[in-house]
Amino acid sequence: MKGDLAAVKLKYKNIILRDMEENDLDDYIRWNTTETEWQNWDAPWEIDKCTLFTEQITFAKKLVNNYTISDNLDNIRKRFEICTKEGTHIGWINRYCIDENYSWSRTGTNTAIGIDIPSPNFRGHGCGENAMRCFMQYLFDNGFNTLYTQTWSGNDRMIHLAKKLGFKECDRKSNIRIVNGKTYDAVTFKIEK
């Protein structure tokens, strides 16, 4: 599959979604070693961030080499890197499977999307909203009719973004996330084409 897929670049307002490039790896190393504030918002109950970082870099290297860009032969991307219109790499957006109980599952039939913009300097300027809108449209244009997004009740920015994009809460599991000694709910939102 290496080299078989044409590069994809999507533009929407102030952002560009594109396939990973080799120089993005430096950003991932920085985001996982020195600029780690974003980890307070993306699944902060995950204890072993070191293992997560190692897995993320391994995954990123595979993406750079075009091994895991698509689910199958349909070439529909599972992940894009987010850049400003000037070309600054600021994060990533991806899709993953969840089952009928809204739990991550390699074989789940529902599609959820997630986003990370590690640097606080690029939050609050519409980058996340525009990246989500662009990715959602890309997925809807490629045959997806229902999308989900998931967060935890302490992530007010993501909850606000989901609602702003038209997602409606469809599931809430009370008190199952523990962050800094406090319990929070796991929240799933749904939107249809």
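**A chat about strands, rings and loops**

Trainee: Which residue in β8 is the bridge partner of Gln150?

Mentor: The bridge partner of Gln150 in β8 is Thr188, and please keep in mind throughout that we are looking at a predicted model.

Trainee: And how do β6 and β8 pair, in the parallel or the antiparallel sense?

Mentor: β6 and β8 pair in the antiparallel sense, and the pairing extends over seven bridges.

Trainee: What about β5 and β6, parallel or antiparallel?

Mentor: Strand β5, residues 110-116, runs parallel to β6, and two bridges join them. On this side of β6, Ile113 stands opposite Thr149, while Ala112 stands opposite Tyr148.

Trainee: Is β6 mostly covered or mostly open, and how many of its residues are buried?

Mentor: Strand β6, which spans residues 146-152, is mostly covered, with five of its seven residues buried.

Trainee: Through which helix does the chain cross from β5 to β6?

Mentor: The crossing goes through helix α3, residues 127-141, and the resulting β-α-β crossover is right-handed.

Trainee: Zooming out, what is the strand order in the sheet?

Mentor: Eight strands form an open sheet with mixed pairing, and their order is β1-β2-β3-β4-β5-β6-β8-β7.

Trainee: Which strands stand at the edges, then?

Mentor: Those are β1 and β7; each of them has a single partner strand, so one side of each is left without a neighbour in the sheet. As for the twist, neighbouring strands of this sheet are turned by 25° against each other on average, with direction ignored.

Trainee: Where does α1 pack, and which strands does it touch?

Mentor: Helix α1 packs on the sheet, where it touches β2, β3 (79-84) and β4, and its direction makes about 85° with that of β4.

Trainee: Let me switch to aromatics. How many aromatic pairs does a search of the whole structure find?

Mentor: Searching the whole structure gives nine aromatic pairs. One of them is formed by Tyr28 and Trp92, which is tilted, with 5.2 Å from centre to centre and 35° between the planes.

Trainee: Why does that pair tie together parts that are 64 residues apart in sequence?

Mentor: Tyr28 lies in helix α1, residues 24-33, whereas Trp92 lies in strand β4, residues 89-98, so the contact between their rings ties together parts that are 64 residues apart in sequence. Both Tyr28 and Trp92 are buried.

Trainee: What does Trp31 do with Trp92?

Mentor: Their ring centres are 5.7 Å apart and their planes stand at 40°, so this pair is tilted. Trp31 lies in helix α1 and Trp92 in strand β4, so the pair ties together parts that are 61 residues apart in sequence. Both Trp31 and Trp92 are buried.

Trainee: Which residues make up the aromatic cluster with Trp92?

Mentor: The cluster is formed by Tyr28, Trp31, Trp38 and Trp92.

Trainee: Staying on α1, is Asp24 buried or exposed?

Mentor: Asp24, which lies in helix α1, has a relative accessibility of 1% and therefore counts as buried. Its side chain is joined to that of His89 by a polar contact of 3.5 Å. Leaving out residues up to four places away in sequence, Asp24 touches Arg18, Asp19, Glu81 and His89.

Trainee: And Ile15, buried or exposed?

Mentor: Ile15 lies in strand β2, and at 1% relative accessibility Ile15 counts as buried. If residues up to four places away in sequence are not counted, Ile15 touches several residues, among them Leu10, Ile82, Thr84, Cys127 and Cys134. The C-alpha atoms of Ile15 and Thr84 are separated by 4.5 Å, although these two residues are 69 residues apart along the chain.

Trainee: Last topic, backbone angles. What is the phi of Lys13?

Mentor: Lys13 has a positive phi of about 50° although it is not a glycine. This residue is found in the loop between β1 (9-12) and β2 (15-18), and Lys13 is exposed, with a relative accessible area of 64%.

Trainee: Where does Asn180 lie?

Mentor: Asn180 lies in the loop between β7 (168-179) and β8 (182-192), and Asn180 likewise has a positive phi of about 50° without being a glycine. With a relative accessibility of 79%, Asn180 counts as exposed.

Methods. Residues are numbered from 1 along each chain as its sequence is written. This is a predicted model: local features need pLDDT of at least 70, side-chain atom pairs count only at pLDDT 80 or more; totals for chains, interfaces and linings use all residues. Side-chain values use heavy atoms; hydrogens and water are left out. Helices (H or I, at least four residues) and strands (E, at least two) are DSSP runs, numbered from the N terminus. Buried means under 20% relative accessible area, exposed over 50%, partly exposed in between (1.4 Å probe, protein chains only). Rings of Phe, Tyr and Trp (its six-membered ring) pair if their centres lie within 6.5 Å; planes under 30 degrees apart count as stacked, over 60 as edge-to-face and the rest as tilted. A polar contact is a pair of N or O atoms within 3.5 Å; within protein, one must be able to donate a hydrogen and the other to accept it, and residues adjacent in sequence count only if both atoms are side-chain atoms. Contact means heavy atoms within 4.5 Å. Two strands pair if DSSP finds at least two bridges between them. A crossover is right-handed if, with the strands pointing away from the viewer, the path from the first strand over the helix to the second runs clockwise. Axes are lines fitted to C-alpha atoms, for helices over the stretch in contact, and angles run from 0 to 180 degrees between N-to-C directions.
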